[in-house]
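Please walk me through this model. Start with the fold, then go to the helix packing and some individual residues.

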Amino acid sequence: MSTLETIISEVKAGKRRSIEELYKYSFNKLMPVAYYYNLDEESARESFNKSFMKIIQKIDTFNDNYSKFDAWSRRIMANTILDELRKNKRHSNNFHTTEDPA
C-alpha cells in the first residue's frame with residue numbers, strides 16, 4: 001500500500017491521526033487552488049478549510065483510485081469555492097446603498 005492509500009483507508013476508518021496527515025498532504029496540494037480563487041491568505045485558508053471538511057465528509061464516495069485523489073479533491077475545492085462566490089454575489093446584489101453619487 002502506498003502512503004496516500006494507507007492514509008485514505010485510515011481516514012475512512014475514522015482514525016484522527018490520519019485525518020491530520022491527510023490535512024497536511026492536502027494543504028500542500030490544494031492551497032495553490034485556494035489562492036487562485038481568493039484575493040488574500042485569510043480567504044484562501046478559509047476556502048481550504050471548508051473544502052477539506054467536504055473532502056472528509058465525502059471520503060467514503062472516493063472510489064479508491066489513489067492516483068486520482070488529487071484531481072478528486074481539487075474538484076471538490078473548486079466547486080466549494082465557486083459555490084461560495086456565487087452565494088456571496090447573490091447576497092451582495094441584495095444590498096443597495098442610498099448614497100448620493102454626486
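The paragraphs below go from the whole chain to its helices and then to single side chains.

This is a predicted model: local features need pLDDT of at least 70, side-chain atom pairs count only at pLDDT 80 or more, and totals for chains, interfaces and linings use all residues. Residues are numbered from 1 along each chain as its sequence is written, and side-chain values use heavy atoms, with hydrogens and water left out.

The chain has four helices and zero strands. Read from the N terminus, the order is α-α-α-α. Helices (H or I, at least four residues) and strands (E, at least two) are DSSP runs, numbered from the N terminus. Of the 102 residues in the chain, 28% are buried. Buried means under 20% relative accessible area, exposed means over 50%, and partly exposed lies in between (1.4 Å probe, protein chains only). The chain exposes about 7400 Å², and carbon and sulfur atoms supply 50% of that area. Accessible areas come from the Shrake-Rupley method with a 1.4 Å probe; for residues, only the protein chains shown count as cover. Take the contacts in the chain with a separation of 6 or more: residues 24 or more positions apart account for 60% of them. Contact means heavy atoms within 4.5 Å.

Now the helix pairs. Helix H1 covers residues 3-12 and helix H2 covers residues 16-37; their axes come within 8 Å and cross at roughly 130°. That makes H1 oblique to H2. Axes are lines fitted to C-alpha atoms, for helices over the stretch in contact, and angles run from 0 to 180 degrees between N-to-C directions. Angles under 35 degrees count as roughly parallel, over 145 as roughly antiparallel, 65 to 115 as roughly perpendicular and the rest as oblique. The crossing of H1 past H2 is left-handed. On the H1 side the contact is made by Leu 4, Ile 7, Ile 8, Glu 10 and Val 11; on the H2 side, by Ser 18, Ile 19, Glu 21, Leu 22 and Tyr 25. A crossing is left-handed if the near helix is turned anticlockwise from the far one by less than a right angle, and right-handed if clockwise.

H2 also packs with helix H3 (residues 41-58), at an angle of about 130° and with the axes 9 Å apart. H2 is therefore oblique to H3. Here H2 passes H3 in a right-handed crossing. The H2 residues that meet H3 include Ile 19, Leu 22, Phe 27 and Met 31, and among their H3 partners are Ala 44, Phe 48, Phe 52 and Ile 56.

Ile 19 sits in H2. Its relative accessibility is 26%, so Ile 19 counts as partly exposed. Not counting residues up to four places away in sequence, Ile 19 touches Val 11, Phe 52 and Ile 56. Ile 19 and Ile 8 are 11 residues apart in sequence, with 8.3 Å from C-alpha to C-alpha.

Phe 52 belongs to H3. It counts as buried because its relative accessibility is 4%. Beyond four places in sequence, Phe 52 touches Ile 19, Leu 22, Tyr 23 and Ser 26. Its C-alpha lies 7.6 Å from that of Met 77, 25 residues away in sequence. Phe 52 also joins Tyr 23, Phe 27 and Phe 48 in one aromatic cluster.

The structure holds 10 aromatic pairs. One of them joins Phe 62 and Phe 69, edge-to-face, at 5.4 Å centre to centre and 90° between the planes. Rings of Phe, Tyr and Trp (its six-membered ring) pair if their centres lie within 6.5 Å; planes under 30 degrees apart count as stacked, over 60 as edge-to-face and the rest as tilted. Both Phe 62 and Phe 69 are buried.

Phe 69 lies in helix H4. Its relative accessible area is 0%, so Phe 69 is buried. Leaving aside neighbours within four places, its contacts include Leu 4, Ile 8, Leu 22, Ile 55 and Phe 62. The C-alpha atoms of Phe 69 and Glu 5 are 9.4 Å apart, across 64 residues of chain.

Asp 70 is also in H4, which spans residues 69-93. Why is Asp 70 classed as buried? Its relative accessible area is 17%. Outside its neighbours within four places in sequence, Asp 70 is in contact with Tyr 25 and Lys 29.

Tyr 36, in H2, counts as exposed because its relative accessibility is 67%. The C-alpha atoms of Tyr 36 and Ala 78 are separated by 9.7 Å, with their positions 42 residues apart along the chain.
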